[in-house]
Amino acid sequence: MSAAQRRSVILGTGSELPNKIITNEDLERLVETSDEWITVRTGIKQRRVLEEGKGNADMAYHAALRALEDADLEAKDLDAIVMGTVTADYPFPSSACVLEDMLGARKAFSFDVNAACSGFLNALAVSDSFIRSGLINNALVVGSDALSRLLNWEDRTTCILFGDAAGAVVLGASENGDKGILSTRLRTDGSHVKTLYVPAGGSRNPTNPETVQNNEHTITMNGKEVFKTAVRSMEEISRQALKDAGVTIDQVSLVIPHQANRRIIEALAERLHVPMEKVMINLDKYGNTSAASVPVALDEARRTGRIKAGDVVLLNAFGAGFAWGAAVGRF
Ligand code: COA
(Lines give C-alpha, C1' and ligand atoms only; values in the text may rest on other atoms or scores of the structure.)
Protein backbone atom coordinates (compact mmCIF):
# COMPACT_ATOMS: atom_id res chain seq x y z
CA MET A 1 0.00 0.00 0.00
CA SER A 2 1.36 3.43 -0.78
CA ALA A 3 1.08 6.08 1.96
CA ALA A 4 -1.14 8.23 -0.26
CA GLN A 5 -3.85 5.57 -0.60
CA ARG A 6 -3.93 4.44 2.97
CA ARG A 7 -6.78 5.31 5.23
CA SER A 8 -7.91 4.06 8.63
CA VAL A 9 -11.33 2.46 8.88
CA ILE A 10 -13.36 1.66 11.97
CA LEU A 11 -13.37 -2.14 12.22
CA GLY A 12 -15.18 -2.40 15.53
CA THR A 13 -16.55 -0.49 18.52
CA GLY A 14 -17.29 -1.35 22.15
CA SER A 15 -18.23 0.30 25.41
CA GLU A 16 -18.53 -0.38 29.12
CA LEU A 17 -20.74 1.32 31.68
CA PRO A 18 -20.30 0.56 35.39
CA ASN A 19 -23.32 -1.04 37.09
CA LYS A 20 -23.77 1.51 39.86
CA ILE A 21 -26.35 4.16 38.92
CA ILE A 22 -26.72 7.52 40.65
CA THR A 23 -29.99 9.26 39.78
CA ASN A 24 -30.84 12.92 40.15
CA GLU A 25 -33.04 11.91 43.10
CA ASP A 26 -29.99 10.33 44.76
CA LEU A 27 -28.15 13.65 44.33
CA GLU A 28 -31.06 15.53 45.93
CA ARG A 29 -30.08 13.70 49.11
CA LEU A 30 -26.42 14.80 48.83
CA VAL A 31 -26.60 18.46 47.81
CA GLU A 32 -29.18 21.23 47.52
CA THR A 33 -30.47 20.49 44.04
CA SER A 34 -33.49 19.00 42.29
CA ASP A 35 -34.21 16.58 39.49
CA GLU A 36 -36.01 19.44 37.74
CA TRP A 37 -33.03 21.83 37.92
CA ILE A 38 -30.58 19.22 36.66
CA THR A 39 -32.91 18.03 33.88
CA VAL A 40 -33.77 21.53 32.63
CA ARG A 41 -30.19 22.89 32.81
CA THR A 42 -28.33 19.82 31.55
CA GLY A 43 -30.65 17.07 30.26
CA ILE A 44 -28.96 14.55 32.58
CA LYS A 45 -31.19 12.13 34.54
CA GLN A 46 -28.65 9.64 35.85
CA ARG A 47 -24.98 8.68 35.64
CA ARG A 48 -22.83 5.59 36.31
CA VAL A 49 -20.07 5.35 38.91
CA LEU A 50 -17.14 2.95 38.93
CA GLU A 51 -17.24 0.74 42.00
CA GLU A 52 -14.61 1.18 44.71
CA GLY A 53 -11.45 -0.87 44.31
CA LYS A 54 -11.61 -0.77 40.52
CA GLY A 55 -9.54 1.40 38.18
CA ASN A 56 -9.96 3.07 34.84
CA ALA A 57 -8.36 0.18 32.93
CA ASP A 58 -10.98 -2.24 34.33
CA MET A 59 -13.65 -0.35 32.38
CA ALA A 60 -11.41 0.11 29.35
CA TYR A 61 -10.70 -3.64 29.31
CA HIS A 62 -14.34 -4.60 28.80
CA ALA A 63 -14.90 -1.89 26.18
CA ALA A 64 -11.75 -3.07 24.37
CA LEU A 65 -12.81 -6.74 24.41
CA ARG A 66 -16.15 -5.81 22.81
CA ALA A 67 -14.47 -3.64 20.17
CA LEU A 68 -11.94 -6.38 19.35
CA GLU A 69 -14.70 -8.98 19.06
CA ASP A 70 -16.67 -6.65 16.80
CA ALA A 71 -13.55 -6.12 14.67
CA ASP A 72 -12.76 -9.85 14.67
CA LEU A 73 -9.21 -9.06 15.78
CA GLU A 74 -7.17 -10.63 18.57
CA ALA A 75 -5.42 -8.45 21.14
CA LYS A 76 -2.08 -10.13 20.41
CA ASP A 77 -2.27 -8.71 16.87
CA LEU A 78 -2.70 -5.08 17.96
CA ASP A 79 0.07 -2.69 16.88
CA ALA A 80 -0.85 0.18 19.23
CA ILE A 81 -3.11 1.14 22.12
CA VAL A 82 -3.81 4.85 22.51
CA MET A 83 -6.03 5.90 25.39
CA GLY A 84 -7.58 9.30 26.02
CA THR A 85 -7.95 9.74 29.78
CA VAL A 86 -7.39 12.16 32.65
CA THR A 87 -8.08 9.57 35.33
CA ALA A 88 -5.36 7.00 34.76
CA ASP A 89 -5.06 4.10 37.20
CA TYR A 90 -1.77 5.54 38.52
CA PRO A 91 0.08 8.89 38.17
CA PHE A 92 2.38 6.75 36.01
CA PRO A 93 2.75 4.58 33.99
CA SER A 94 -0.16 5.04 31.62
CA SER A 95 -3.52 3.29 31.80
CA ALA A 96 -2.83 2.16 28.24
CA CYS A 97 0.07 0.09 29.65
CA VAL A 98 -2.20 -1.38 32.33
CA LEU A 99 -4.72 -2.22 29.60
CA GLU A 100 -2.06 -3.71 27.34
CA ASP A 101 -1.13 -6.12 30.13
CA MET A 102 -4.76 -7.05 30.84
CA LEU A 103 -5.37 -7.75 27.15
CA GLY A 104 -2.07 -9.54 26.61
CA ALA A 105 -1.40 -7.23 23.67
CA ARG A 106 2.32 -7.88 23.82
CA LYS A 107 3.16 -6.55 20.36
CA ALA A 108 1.50 -3.15 20.88
CA PHE A 109 3.13 0.09 21.99
CA SER A 110 0.80 1.91 24.35
CA PHE A 111 0.38 5.38 25.77
CA ASP A 112 -2.21 7.76 27.21
CA VAL A 113 -3.28 11.07 25.75
CA ASN A 114 -4.36 13.79 28.18
CA ALA A 115 -6.86 16.08 26.49
CA ALA A 116 -9.74 15.77 28.97
CA CYS A 117 -13.16 15.47 27.28
CA SER A 118 -11.47 15.74 23.88
CA GLY A 119 -9.13 12.84 24.73
CA PHE A 120 -10.78 10.32 22.43
CA LEU A 121 -10.68 12.71 19.44
CA ASN A 122 -6.97 13.32 20.11
CA ALA A 123 -6.28 9.58 20.47
CA LEU A 124 -8.20 8.95 17.24
CA ALA A 125 -6.30 11.63 15.32
CA VAL A 126 -2.91 10.32 16.52
CA SER A 127 -3.78 6.70 15.70
CA ASP A 128 -5.20 7.67 12.31
CA SER A 129 -1.95 9.50 11.49
CA PHE A 130 0.16 6.49 12.53
CA ILE A 131 -1.90 4.24 10.27
CA ARG A 132 -1.88 6.60 7.28
CA SER A 133 1.91 7.08 7.62
CA GLY A 134 2.41 3.30 7.43
CA LEU A 135 3.94 3.10 10.94
CA ILE A 136 1.24 0.69 12.08
CA ASN A 137 -1.57 -1.36 10.51
CA ASN A 138 -4.10 -1.21 13.33
CA ALA A 139 -4.78 0.46 16.68
CA LEU A 140 -7.06 0.18 19.66
CA VAL A 141 -8.28 3.70 20.38
CA VAL A 142 -9.85 4.15 23.80
CA GLY A 143 -11.63 6.95 25.66
CA SER A 144 -12.01 6.01 29.31
CA ASP A 145 -12.55 8.12 32.41
CA ALA A 146 -13.69 7.81 35.99
CA LEU A 147 -14.32 11.46 36.82
CA SER A 148 -16.35 10.35 39.87
CA ARG A 149 -12.92 9.94 41.48
CA LEU A 150 -12.26 13.68 41.03
CA LEU A 151 -15.62 15.02 42.20
CA ASN A 152 -16.41 16.99 45.31
CA TRP A 153 -19.74 15.40 46.19
CA GLU A 154 -20.62 18.53 48.18
CA ASP A 155 -20.25 20.85 45.17
CA ARG A 156 -23.61 20.96 43.37
CA THR A 157 -22.16 22.90 40.43
CA THR A 158 -19.97 19.96 39.37
CA CYS A 159 -21.06 16.68 41.00
CA ILE A 160 -24.32 16.59 39.04
CA LEU A 161 -22.61 16.66 35.64
CA PHE A 162 -20.20 13.77 35.39
CA GLY A 163 -20.21 9.97 35.16
CA ASP A 164 -17.81 7.09 34.50
CA ALA A 165 -17.51 5.00 31.33
CA ALA A 166 -15.19 3.59 28.68
CA GLY A 167 -15.51 3.41 24.91
CA ALA A 168 -13.19 1.81 22.37
CA VAL A 169 -12.69 1.67 18.64
CA VAL A 170 -10.47 -0.64 16.59
CA LEU A 171 -8.93 1.09 13.59
CA GLY A 172 -7.38 -0.80 10.70
CA ALA A 173 -5.57 0.21 7.52
CA SER A 174 -7.57 0.07 4.28
CA GLU A 175 -7.07 0.82 0.61
CA ASN A 176 -10.78 1.37 -0.03
CA GLY A 177 -10.65 5.11 -0.66
CA ASP A 178 -14.34 5.77 0.03
CA LYS A 179 -14.55 4.47 3.57
CA GLY A 180 -12.83 5.44 6.79
CA ILE A 181 -11.60 8.51 8.65
CA LEU A 182 -11.80 11.37 6.13
CA SER A 183 -10.47 14.15 8.34
CA THR A 184 -9.44 15.05 11.88
CA ARG A 185 -8.90 18.49 13.44
CA LEU A 186 -7.55 19.35 16.89
CA ARG A 187 -7.22 22.65 18.79
CA THR A 188 -6.27 23.92 22.24
CA ASP A 189 -6.34 27.25 24.07
CA GLY A 190 -4.13 27.02 27.16
CA SER A 191 -5.17 30.44 28.45
CA HIS A 192 -8.20 28.64 29.94
CA VAL A 193 -6.30 26.10 32.05
CA LYS A 194 -7.91 27.29 35.28
CA THR A 195 -11.44 27.56 33.90
CA LEU A 196 -11.80 23.80 34.35
CA TYR A 197 -9.12 21.93 36.28
CA VAL A 198 -8.01 20.00 39.35
CA PRO A 199 -5.80 22.43 41.32
CA ALA A 200 -3.64 19.96 43.29
CA GLY A 201 -1.92 16.61 42.97
CA GLY A 202 0.42 17.54 40.12
CA SER A 203 4.01 18.85 40.26
CA ARG A 204 2.93 22.50 40.75
CA ASN A 205 0.87 21.82 43.82
CA PRO A 206 1.72 18.33 45.12
CA THR A 207 -0.53 16.44 47.48
CA ASN A 208 -0.21 17.37 51.15
CA PRO A 209 -2.60 17.32 54.11
CA GLU A 210 -3.64 20.91 53.37
CA THR A 211 -4.54 20.28 49.71
CA VAL A 212 -6.64 17.32 50.82
CA GLN A 213 -8.31 19.33 53.58
CA ASN A 214 -9.12 22.14 51.10
CA ASN A 215 -10.63 19.75 48.55
CA GLU A 216 -8.07 20.83 45.94
CA HIS A 217 -8.00 17.38 44.38
CA THR A 218 -11.45 17.79 42.93
CA ILE A 219 -12.81 19.45 39.79
CA THR A 220 -13.06 23.26 39.86
CA MET A 221 -15.04 24.84 37.03
CA ASN A 222 -16.46 28.08 35.67
CA GLY A 223 -19.46 26.44 34.00
CA LYS A 224 -20.74 29.50 32.14
CA GLU A 225 -17.38 30.15 30.49
CA VAL A 226 -17.11 26.50 29.45
CA PHE A 227 -20.62 26.54 28.02
CA LYS A 228 -20.08 29.65 25.89
CA THR A 229 -16.72 28.62 24.48
CA ALA A 230 -17.76 24.99 23.87
CA VAL A 231 -20.57 25.87 21.48
CA ARG A 232 -18.51 28.36 19.45
CA SER A 233 -15.41 26.15 19.30
CA MET A 234 -17.19 22.93 18.35
CA GLU A 235 -19.08 24.72 15.59
CA GLU A 236 -15.89 26.18 14.13
CA ILE A 237 -13.84 22.98 14.27
CA SER A 238 -16.72 20.89 12.89
CA ARG A 239 -16.92 23.19 9.87
CA GLN A 240 -13.15 22.88 9.36
CA ALA A 241 -13.22 19.08 9.59
CA LEU A 242 -16.13 18.91 7.12
CA LYS A 243 -14.28 21.16 4.68
CA ASP A 244 -11.13 19.02 4.98
CA ALA A 245 -13.22 15.92 4.31
CA GLY A 246 -14.85 17.53 1.29
CA VAL A 247 -18.39 16.94 2.55
CA THR A 248 -21.20 19.35 3.36
CA ILE A 249 -23.22 19.30 6.56
CA ASP A 250 -26.24 18.09 4.55
CA GLN A 251 -24.30 14.95 3.61
CA VAL A 252 -23.78 14.09 7.29
CA SER A 253 -26.16 11.34 8.47
CA LEU A 254 -25.35 11.59 12.15
CA VAL A 255 -23.54 14.05 14.43
CA ILE A 256 -22.05 12.47 17.55
CA PRO A 257 -21.11 15.34 19.85
CA HIS A 258 -19.45 15.25 23.25
CA GLN A 259 -22.23 14.53 25.74
CA ALA A 260 -21.71 17.40 28.22
CA ASN A 261 -25.01 19.23 28.30
CA ARG A 262 -28.16 18.95 26.18
CA ARG A 263 -28.34 22.73 25.82
CA ILE A 264 -24.77 22.88 24.48
CA ILE A 265 -25.65 20.19 21.93
CA GLU A 266 -28.88 21.92 20.89
CA ALA A 267 -27.08 25.24 20.45
CA LEU A 268 -24.39 23.53 18.39
CA ALA A 269 -26.95 21.76 16.19
CA GLU A 270 -28.75 25.05 15.59
CA ARG A 271 -25.52 26.80 14.57
CA LEU A 272 -24.57 23.92 12.27
CA HIS A 273 -28.14 23.82 10.85
CA VAL A 274 -28.53 20.14 11.74
CA PRO A 275 -31.97 18.85 12.83
CA MET A 276 -31.91 17.16 16.24
CA GLU A 277 -33.05 13.84 14.65
CA LYS A 278 -29.55 13.69 13.17
CA VAL A 279 -27.83 14.23 16.53
CA MET A 280 -26.90 11.39 18.88
CA ILE A 281 -27.79 12.03 22.52
CA ASN A 282 -27.38 9.62 25.42
CA LEU A 283 -26.26 11.98 28.19
CA ASP A 284 -29.61 11.54 29.95
CA LYS A 285 -28.43 8.02 30.91
CA TYR A 286 -24.72 8.57 31.50
CA GLY A 287 -23.96 12.26 32.12
CA ASN A 288 -20.68 13.69 30.90
CA THR A 289 -18.24 10.77 30.78
CA SER A 290 -15.28 12.88 29.62
CA ALA A 291 -13.07 11.05 27.09
CA ALA A 292 -15.52 8.12 26.99
CA SER A 293 -18.49 10.17 25.87
CA VAL A 294 -17.94 10.17 22.09
CA PRO A 295 -16.85 6.50 21.69
CA VAL A 296 -19.68 5.30 23.97
CA ALA A 297 -22.22 7.28 21.90
CA LEU A 298 -20.61 6.01 18.68
CA ASP A 299 -20.85 2.41 19.87
CA GLU A 300 -24.48 2.88 20.91
CA ALA A 301 -25.31 4.50 17.56
CA ARG A 302 -23.78 1.57 15.65
CA ARG A 303 -25.38 -1.12 17.79
CA THR A 304 -28.84 0.48 17.63
CA GLY A 305 -28.70 0.75 13.83
CA ARG A 306 -28.36 4.53 13.64
CA ILE A 307 -25.27 4.18 11.42
CA LYS A 308 -25.52 2.28 8.14
CA ALA A 309 -22.95 1.42 5.48
CA GLY A 310 -22.04 4.52 3.51
CA ASP A 311 -23.17 6.98 6.21
CA VAL A 312 -21.03 10.03 6.89
CA VAL A 313 -20.63 10.74 10.61
CA LEU A 314 -19.30 13.87 12.31
CA LEU A 315 -17.69 13.54 15.75
CA ASN A 316 -16.81 16.52 17.91
CA ALA A 317 -15.72 17.22 21.48
CA PHE A 318 -14.70 20.02 23.80
CA GLY A 319 -13.18 20.04 27.27
CA ALA A 320 -10.60 21.21 29.80
CA GLY A 321 -7.51 22.92 28.48
CA PHE A 322 -9.44 24.13 26.63
CA ALA A 323 -8.92 21.30 24.14
CA TRP A 324 -11.33 20.46 21.34
CA GLY A 325 -11.52 18.46 18.18
CA ALA A 326 -13.62 17.03 15.36
CA ALA A 327 -13.44 14.11 12.96
CA VAL A 328 -15.41 13.06 9.89
CA GLY A 329 -15.71 9.44 8.82
CA ARG A 330 -17.58 7.34 6.26
CA PHE A 331 -18.82 3.89 7.30
N1 COA B 1 -28.87 22.63 41.59
C2 COA B 1 -29.58 23.73 41.86
N3 COA B 1 -29.12 24.96 41.65
C4 COA B 1 -27.87 25.07 41.17
C5 COA B 1 -27.05 23.97 40.88
C6 COA B 1 -27.60 22.71 41.12
N7 COA B 1 -26.92 21.58 40.87
N8 COA B 1 -25.87 24.40 40.41
C9 COA B 1 -25.93 25.74 40.39
N10 COA B 1 -27.14 26.16 40.87
C11 COA B 1 -27.63 27.51 41.02
C12 COA B 1 -26.53 28.55 41.07
O13 COA B 1 -26.02 28.67 42.38
C14 COA B 1 -27.25 29.78 40.60
O15 COA B 1 -27.98 30.31 41.70
P16 COA B 1 -28.13 31.91 41.86
O17 COA B 1 -28.85 32.36 40.62
O18 COA B 1 -28.92 32.02 43.11
O19 COA B 1 -26.73 32.43 41.96
C20 COA B 1 -28.25 29.25 39.60
O21 COA B 1 -28.39 27.85 39.87
C22 COA B 1 -27.81 29.42 38.16
O23 COA B 1 -26.48 28.97 38.05
P24 COA B 1 -25.66 29.08 36.73
O25 COA B 1 -24.26 28.66 37.00
O26 COA B 1 -25.90 30.44 36.17
O27 COA B 1 -26.42 28.01 35.84
P28 COA B 1 -26.21 27.67 34.33
O29 COA B 1 -27.45 27.85 33.60
O30 COA B 1 -24.94 28.29 33.78
O31 COA B 1 -25.94 26.10 34.41
C32 COA B 1 -24.18 24.51 34.27
C33 COA B 1 -24.83 25.62 35.11
C34 COA B 1 -22.95 24.01 35.01
C35 COA B 1 -25.19 23.39 34.10
C36 COA B 1 -23.82 25.09 32.86
O37 COA B 1 -23.10 26.30 33.02
C38 COA B 1 -22.98 24.13 32.08
O39 COA B 1 -23.43 23.05 31.73
N40 COA B 1 -21.75 24.53 31.71
C41 COA B 1 -20.86 23.66 30.98
C42 COA B 1 -20.22 22.72 31.95
C43 COA B 1 -19.59 21.55 31.25
O44 COA B 1 -20.16 20.99 30.36
N45 COA B 1 -18.39 21.18 31.71
C46 COA B 1 -17.67 20.08 31.17
C47 COA B 1 -17.19 20.42 29.81
S48 COA B 1 -16.34 19.11 29.12
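A polar contact is a pair of N or O atoms within 3.5 Å; within protein, one must be able to donate a hydrogen and the other to accept it, and residues adjacent in sequence count only if both atoms are side-chain atoms. This is a predicted model, in which local features need pLDDT of at least 70, side-chain atom pairs count only at pLDDT 80 or more, and totals for chains, interfaces and linings use all residues. Residues are numbered from 1 along each chain as its sequence is written, and side-chain values use heavy atoms, with hydrogens and water left out.

**View 1. Ser148 touches Asp164 through side chains.** The polar contact between the two side chains spans 2.6 Å. Ser148 lies in the loop between strand S6 (138–146) and strand S7 (164–174); strands are DSSP runs (E, at least two residues), numbered from the N terminus. Ser148 has a relative accessible area of 9%. That makes Ser148 buried (under 20% relative accessible area, 1.4 Å probe, protein chains only).

**View 2. Polar atoms face the ligand at Trp37, Gly223 and Arg263.** An N or O atom in the Trp37 side chain is 3.4 Å from a ligand oxygen. Gly223 brings a polar backbone atom 2.9 Å from a ligand nitrogen. Arg263 places a polar side-chain atom 3.2 Å from a ligand oxygen. Alone, the ligand exposes 960 Å², and the protein buries 74% of that (Shrake-Rupley method, 1.4 Å probe).

**View 3. The ligand is surrounded by 22 residues.** Thr33, Arg41, Arg156, Lys224 and Asn261 come nearest. Helix H7 (223–245) is among the elements that supply at least two shell residues. H7 gives the largest share, 4 residues. Helices are DSSP runs too (H or I, at least four residues).

Methods
Near = heavy atom within 4 Å. Buried < 20%, exposed > 50% of the residue type's maximum accessible area, 1.4 Å probe, protein only.
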